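I wanted to look through this chain in order, starting with the confidence values and then turning to the strands. My notes are kept below.

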Amino acid sequence: MTVSNLLRKSCLIALLSLGANAFAAETADSAIPIFDLESLKPTREQMIASLNTVELLRRHHYNRIQLDDALSSEIFDTYLRQLDPQRSLFTAADIDSFEEYRHKLDDLLLAGDLSVGFAIHTRQIQRADQRMVYALQLLREGVDQLDFTSDQNILIDREKAEWPADDDALHVLWRQQIKDEVLRLKLAGREQDAIQELLEKRYINAQKRLYQTRSEDIFQNYINALAQVYDPHTQYLSPDNAENFDINMSLSLEGIGAVLQSDNDYTKIVRLVPAGPAEKSKQLAPADRIIGVAQDKGEMVDVVGWRLDEVVKLIRGPKGSSVRLEVIPASNPPSDLTSREVALVREAVKLEDQAAKSSVLEFSEQGNDYRIGVIEVPGFYIDFKAYRRGDPDYRSTTRDVRHLLSELQEQQVDGVVLDLRNNGGGSLQEATELTGLFIDQGPTVLVRDSKGDVQVLDDPEAGIAYSGPMAVIVNRLSASASEIFAGAMQDYGRALVIGEPTFGKGTVQSIQPLNHGELKFTLAKFYRVSGQSTQNRGVVPDITYPSLLDTVDIGESSLPRALPWDTIPAARYEADKRLDKYIPLLTDKHKARAANDPEFTYTLARIELNRAMQEREYLPLNEERRRIEQKEFEDKLLTMENTRRKALGEDPLEALDKEDPLMDGTGIPSPMAEEESTDEDDPFLAETGHILIDLLELKRQVASAG
């Protein structure tokens with residue numbers, strides 16, 4: 001018998017021992033028939049798709065890593081983390097029974113054998129069902145029977161915790177988790193009866209969804225454990241998801257205009273699409289968690305624990321229809337489940353709504369008047385249909401910005417700020433052509449493939465559309481094409497880059513159809529003309545601003561197994577280093593101004609408070625202690641806000657608005673949705689204007705000194 005056949009036989013035994021016995025035990029406990037094992041076995045099409053995936057990744061992924069025992073161990077850990085991210089389902093005994101396969105998954109995948117992956121997932125399904133049964137039993141005894149006076153604490157993040165030793169340890173943990181859920185809802189203002197009804201309904205629905213698990217769900221999870229060890233943007237897409245492989249893009253085209261991802265039991269907002277309903281509302285922000293969805297005036301559906309595609313189906317709907325979302329703001333401390341409701345009208349995001357637009361900021365400093373032009377660039381877009389049919393008036397980022405630059409120069413502005421905050425990228429061609437507006441000629445970006453070959457993209461046209469003083473403002477959500485442009489402006493010394501370190505998405509993906517589904521994988525990497533990667537680190541500004549967005553949650557560096565930052569030989573280009581000597585002086589002037597700026601002071605204090613809350617490891621399960629902690633947080637927040645108001649000459653607040661509308665998650669104090677705001681209301685944009693004026697003054701002083 002061959003090694004491959006022996007492996008297949010051992011895996012079949014594993015499937016039976018890990019699956020059927022546990023099923024029987026659970027059926028005896030809950031008296032509910034769960035699954036037909038036959039329906040949870042891999043199909044021939046899935047086995048062939050797994051072989052195709054393995055071969056594509058081995059031959060064409062940028063990483064070029066070997067599928068060996070070391071990678072098998074990584075796949076093993078990734079799969080367990082995927083199935084039980086908080087280590088609250090499997091016991092140490094379960095893990096011990098899986099361990100013998102830690103270094104065999106590579107051989108099994110090379111042979112198209114998926115049985116161990118299916119067996120481990122089957123055990124997870126049964127453990128999850130046991131948790132539902134236990135939780136429902138506990139809840140039906142009555143929430144009032146739970147003790148909230150003990151000195152117990154619960155570990156907030158169990159990702160690296162020890163696995164529970166046995167079933168008894170699991171029951172202790174599950175009981176603590178139920179108490180924590182009840183406490184969070186109590187502190188969010190829910191009544192006891194409402195809490196019991198909500199949680200019972202949540203667990204019943206979760207159990208129903210669990211029973212709907214298909215072979216395809218297990219296959220997708222297992223193959224994605226393989227894909228994810230290559231990098232976080234490599235992904236297997238099942239036939240159901242292949243047609244709409246990017247849920248984010250589908251939502252951006254017609255829906256609420258938000259990029260979503262799963263975050264344990266929650267659906268988290270990653271990014272708002274420029275000019276989309278969510279962004280226009282000014283009531284949603286990155287890292288907000290969606291916990292409920294309702295259609296127009298319909299009943300709010302609790303979506304905690306739902307799969308991402310199920311949540312998306314609820315959020316989607318006909319253009320012009322309404323959807324209501326219940327969200328937990330990102331600004332809440334970890335234990336605060338206080339939510340707010342946001343009503344949105346679904347619509348398609350039109351190209352013209354995302355188009356670049358300009359404004360002028362006026363300043364008066366030291367007896368001199370200044371006019372600073374601002375061009376907001378929400379995305380790198382091009383109307384491909386019009387371009388391909390030869391329409392001379394097709395719209396694109398570069399063409400629109402060129403036109404706006406001409407208008408601003410006619411208005412005799414003293415400098416220009418390009419605002420790329422929240423710009424998630426778009427057309428690589430447009431990033432290159434936009435760079436060309438501000439340099440005479442030369443390379444704009446380098447693209448390196450998996451073989452090490454480097455392609456140089458450049459601006460072939462002579463001439464500059466604007467040669468005056470310039471700044472580029474970015475934030476953590478400036479990604480991809482935005483980073484290419486900002487990096488080029490920094491490398492050429494053409495503009496000051498100001499704001500926050502950018503997202504760090506510096507890789508290129510391709511879609512490859514399979515016999516069953518599709519594979520999206522990384523095949524190249526972007527590099528700046530200086531040879532530095534934009535990957536992982538992003539573009540680090542010359543002058544940095546504070547932000548409420550935590551890099552632990554947002555950005556490429558927050559993703560597991562993100563490709564590293566590195567360098568390659570620089571392209572041949574002519575850099576103007578004249579800005580370098582001004583940056584230390586400009587930074588000092590900015591810091592002195594920011595120290596006396598109420599908005600900057602508030603933001604820095606808020607960041608420190610949030611960081612302190614995030615660094616806590618445990619939460620008390622004692623209601624009185626939990627309420628004291630929440631009151632202390634709210635008191636600190638109120639003090640900070642009233643300090644800000646006093647400095648601005650505004651009346652102090654008696655109490656905080658629970659919805660905390662002061663921040664929209666970008667670090668910019670935000671007015672309520674119905675109020676109009678102007679660029680002058682944006683302290684970071686105004687400060688960028690001040691920095692540009694400082695640069696003008698320093699240059700004049702240098703010129704005057706000879």
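The entries that follow cover confidence first, then strand pairing.

Entry 1, ground rules. I am working with a predicted model, in which local features need pLDDT of at least 70 and side-chain atom pairs count only at pLDDT 80 or more, while totals for chains, interfaces and linings use all residues. Residues are numbered from 1 along each chain as its sequence is written, and side-chain values use heavy atoms, with hydrogens and water left out.

Entry 2, confidence. I looked up pLDDT (the predictor's confidence in each residue, from 0 to 100) and found that the protein chain averages 86, with 88% of the residues at 70 or above. I noted that pLDDT stays under 50 over residues 1-34 and likewise over residues 659-677.

Entry 3, strand 5. Taking strands as DSSP runs of E, at least two residues, numbered from the N terminus, I found that six of the seven residues of strand 5 (residues 266-272) are buried, so this strand is largely enclosed by the rest of the structure; buried here means under 20% relative accessible area with a 1.4 Å probe, protein chains only. Strands pair if DSSP finds at least two bridges between them, and strand 4 (residues 258-263) runs antiparallel to strand 5 with six bridges, L260 being partnered by I269. In their hairpin, which has two residues between the strands, N264 takes a positive phi near 55°. Strand 5 also pairs with strand 6 (residues 289-295), antiparallel over two bridges, where T267 is the bridge partner of I290.

Technical notes
Contact means heavy atoms within 4.5 Å. Buried means under 20% relative accessible area, exposed over 50%, partly exposed in between (1.4 Å probe, protein chains only). Helices (H or I, at least four residues) and strands (E, at least two) are DSSP runs, numbered from the N terminus.
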